Amino acid sequence: MPPRTTDSTPERRDDDRAPSTDPKPEERLGGAAAGAGADEPGAPQGSAPAAGGAEGPAGSRGGDRADLSVLGGDHTGTGTGSDGTSRVCPADGSEAGTEPGAGQRVTAMRRAADGGRRWRAMHLAGCAVLLAVAVTGGAVAMGGAQDRGAGVDAVSAAGALSPGDLARGDLDAGIASLQKHLHAQPRDFGGWATLGVAYVEQARTKGDPSRYPQAERALKRSLALEPGNDQALAGQAALAAARHDFPGALNHADRALKQNPYNERALCTRIDALVELGRYDDAAKAADTADDRRPGVPVFTRYAYVHELRGDVRTAREVLERALGSANAPADVAYVATALGQLAWNQGEYKTALGHYARALAADDAYLPALEGRARAQAASGDRAGAVTGLEQVVARFPLPGPLVALGELYEDRGADGDRAKAGDQYALVDAWTALARAGGVNADLDSAMAAADHGDKKEALRAARAEWDRRHSVHTADALAWALHVNGRDEEALPYARRATATGYRNAAFLYHRGVIERATGGEGEARTHLKAALDLNPGFSPVGAREARTALKDLEGNR
């Protein structure tokens, strides 16, 4: 699976100052040993409420009412077409395809995604419209999601909403309430900071990169009103992380923490940035610091991931289990249970993973990471039909690179009539997403390198992987560069990067598979056997296509002994 970058950090309360009564953990397990329930945890990343958003151009000058166009007001809704696909419709109820300019946007989107492959209209209609709407910054609304309650219907004139309040309720309704409040109180710097963070969350949970420029403008407005306020600086850190600007995220987080050492969002984003920069020792120290200052679900999950990346699966599991035991809000249960499912899946424990995903979906039956994880676990445990159905549902709502590639590979592996073309359609949509992400200021090189190496332009994969390696040296960028070099026939160059990707002890079957294939190509047959076998022993269903090729390569190597 792709790296579990946490792009946004849920907060638990408005006051991020030093808690006066937080208990200290008796042993270092992410603080979960003692104090995990001392504060009500906030909503985790990835909660996905249903409803339309708002969009509009923005200014950034202080509290001038003339610049309130950043608040937007162009709402969209969802409908269902005759073919059963979810459609995004303008607020006046007309068909999306007849909205002024929609035809040109869809045409442009198809050109971006086609890459020489034909479009399959019935299958791609929903995804194409989702992506086309994002080109112009329209809200990508989700159909069919459960009602999570009344949402946030009122805004306090004193302090608007906290990001935690937004995440616990209906995100879109909360944003609309914030917009209303800021029209009335345009000099509320805290409200602008919260709105910026909410836009980041909306962009991430809805796969809509067009929200990021809106978030940037709202956060700048907050800082213009109150220079150096830690809420907006922490929001800028979260925004930079969401755009995969990890040096920028680290810089903003450090600035926020100078103003307020207990800002939970900044503490968590600092861990994320260090992880994604490959600075794992520093990330472990940052996790310890965050655990001391703000123990709770957001910190525990990051603490666990840092340990997993260093090969300490036992501690990662213990921390997550304790975090799950302390979780009360349904969103927190879904978030932590999904993290446990991902950890189990990585170890090839599919039955356990499915149990965790079931718990996550019992808490929130529309939680996309759990739906995607369940489909991957179903595929690995032999339920390919269930996996295909599940991933089709996921990409119909959010056509993002990870599930698109996974679904494409399931089609390839199934091999029924038309499946090769269906797989090509999924890979073409990855190209479309990449173009949209870059238009929203997102650095998408790692995503594009990983997808293109196996299913696209190999030269472009190498360009993107090299560019990403120049920016950061994580295990994921090392693996992506190694594999891009391999598919371009440059295995001697690839081998040091493949070794580096597996050097921390991180138990990732895809990394082991890539290393084994590269070792075989460079003549190291004994090492290749070791790593190919290790990949299949660890997680025999890590990829429908990759696992099959790993078994074939290992069989050939055994026959040559």
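In this predicted model, helix α20 turns a run of residues inward: Ala461, Leu462, Ala464, Ala465, Ala467, Glu468 and Trp469 are its buried members. Their cover includes α19 (445-455), α21 (475-487) and α22 (491-501). The helix itself covers residues 458-471, and its 14 residues reach 20 Å from the first C-alpha to the last, close to the 20 Å expected at 1.5 Å a residue. Just ahead of it sits Asp457, which caps the N-terminal end of α20 by placing a side-chain oxygen 3.0 Å from the backbone nitrogen of Lys459. Glu468, one of the buried residues of α20, also takes part in a network of salt bridges, together with Glu276, Arg438, Asp445, Glu460, Arg463, Arg471 and Arg472.

Zooming out, the protein has 25 helices and two strands. Of its 561 residues, 60% are buried. Looking at contacts with a separation of 6 or more, 64% come from residues 24 or more positions apart.

The largest nonpolar core holds 124 residues, and Leu195, Val275, Tyr513 and Leu532 are the ones with the most contacts inside it. The top contributor to this core is helix α13 (residues 330-346), which supplies ten residues. Domain 1 (162-278) and domain 2 (295-378) both hand residues to this core, so it lies between them. There is also a second, separate core of 17 residues, with Ala375, Ala387, Ala406 and Leu407 among them. Back in the largest core, Leu532 makes a good example of how the contacts work out: leaving aside residues up to four places away in sequence, it touches Tyr513, Gly516, Val517, Ala550, Ala553, Leu554 and Leu557.

Several of those partners belong to α25, where the buried residues are Pro544, Val545, Gly546, Ala547, Ala550, Ala553, Leu554 and Leu557. The buried residues of α25 pack against α16 (384-397), α17 (401-414), α23 (509-521) and α24. As for its geometry, the 16 residues of α25 should span 22 Å at 1.5 Å a residue, and the end C-alpha atoms are 23 Å apart, which agrees.

Between α24 (525-538) and α25 (544-559) runs a loop, and Asn539 is in it. Loop position or not, Asn539 counts as buried, because its relative accessibility is 1%. A polar atom of the Asn539 side chain lies 3.0 Å from the backbone oxygen of Trp345. Trp345 is also on the list of residues that Asn539 touches, along with Asn346, Gly348, Tyr350 and Ala509, again not counting residues up to four places away in sequence.

On the charged side, a search of the whole structure turns up 24 salt bridges. One of them pairs Asp413 with Arg384, whose closest N and O atoms are 2.1 Å apart. Asp413 lies in helix α17 and Arg384 in helix α16, so the pair ties together parts that are 29 residues apart in sequence. Asp413 has 26% relative accessibility and counts as partly exposed, and Arg384, at 33%, counts as partly exposed too.

Arg490 and Glu493 form another salt bridge, with 2.8 Å between the closest N and O atoms. Here Arg490 is partly exposed, with a relative accessible area of 33%, while Glu493 counts as partly exposed at 36% relative accessibility.

A buried case turns up in helix α23. The side chains of Glu519 and Arg515 meet in a salt bridge at 2.8 Å, N to O. These two residues are four apart in helix α23, so about one helical turn separates them. In general, an α-helix has 3.6 residues a turn, so residues three or four places apart point the same way. Glu519 is buried at 1% relative accessibility, and Arg515 is buried as well, with a relative accessible area of 15%.

Notes. Residues are numbered from 1 along each chain as its sequence is written. This is a predicted model: local features need pLDDT of at least 70, side-chain atom pairs count only at pLDDT 80 or more; totals for chains, interfaces and linings use all residues. Side-chain values use heavy atoms; hydrogens and water are left out. Buried means under 20% relative accessible area, exposed over 50%, partly exposed in between (1.4 Å probe, protein chains only). A polar contact is a pair of N or O atoms within 3.5 Å; within protein, one must be able to donate a hydrogen and the other to accept it, and residues adjacent in sequence count only if both atoms are side-chain atoms. Contact means heavy atoms within 4.5 Å. A nonpolar core is a set of buried Ala, Val, Leu, Ile, Met, Phe, Trp, Tyr and Cys residues joined through side-chain atoms within 4.5 Å. Domain bounds come from an automatic or database domain assignment. The expected span of a helix is 1.5 Å times one less than its number of residues. A salt bridge is a side-chain nitrogen of Lys or Arg within 4 Å of a carboxyl oxygen of Asp or Glu.
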